[in-house]
Amino acid sequence: MSRAAQTLGITYADSFKTAFDDLGATSRALAAARGPAELVAVQAAYLNRAGARATARSAAAGDMILGLTGAFLRPKAALDGAARPGSAQT
């Protein structure tokens, strides 16, 4: 369990470092922009990349959390291999 939590933390840290680096590059691109159209294009590209990063980070986190809690979310009978309530028992 701690291994999965550590992996999740590393994933988030990497994503935030990438986002910080991208923000710096975008700031430099905004400062060098020569007109309003270029400003809007740089901002739109940044928002597109940020959205893609957030989506990927959320998907990765969801998969890891499901892996951590999957056993807790299944009914006990499914875990034990026992018959479910209401099923025919002989």
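Buried, in this talk, means under 20% relative accessible area, exposed means over 50%, and partly exposed lies in between, with a 1.4 Å probe and protein chains only. By that rule Asp22 is buried, because its relative accessible area is 13%.

Good morning. The structure before you is a predicted model, in which local features need pLDDT of at least 70, side-chain atom pairs count only at pLDDT 80 or more, and totals for chains, interfaces and linings use all residues. Residues are numbered from 1 along each chain as its sequence is written, and side-chain values use heavy atoms, with hydrogens and water left out.

I begin with the helices. Helices (H or I, at least four residues) and strands (E, at least two) are DSSP runs, numbered from the N terminus. Asp22 belongs to helix α1, residues 2-32. The 31 residues of α1 should span 45 Å at 1.5 Å a residue, and the end C-alpha atoms are indeed 45 Å apart; the expected span is 1.5 Å times one less than the number of residues. Buried positions in α1 are Leu8, Ser15, Ala19, Asp22 and Thr26.

Next, the salt bridges. A salt bridge is a side-chain nitrogen of Lys or Arg within 4 Å of a carboxyl oxygen of Asp or Glu. How many salt bridges does this rule give? The count is three.

One of them joins Asp21 and Lys17, with the closest N and O atoms 2.9 Å apart. These two residues are four apart in helix α1, and therefore about one helical turn separates them. Asp21 is partly exposed at 41% relative accessibility, whereas Lys17, at 52%, is exposed.

Which residues form a network of salt bridges? They are Asp22, Arg49 and Arg53. The side chains of Arg49 and Asp22 meet at 2.9 Å, N to O. This pair links distant parts of the chain, with Arg49 in helix α2, Asp22 in helix α1, and their positions 27 residues apart. Arg49 is partly exposed, with a relative accessible area of 34%.

Arg53 and Asp22 form a salt bridge of 3.0 Å, N to O. Arg53 lies in helix α2 and Asp22 in helix α1, so this pair ties together parts that are 31 residues apart in sequence. Both Arg53 and Asp22 are buried.

Finally, I turn to contacts, where contact means heavy atoms within 4.5 Å. Leaving aside residues up to four places away in sequence, Asp22 touches Tyr46, Arg49 and Arg53. On the same basis, Arg49 touches Asp22 and Thr26. Thank you.
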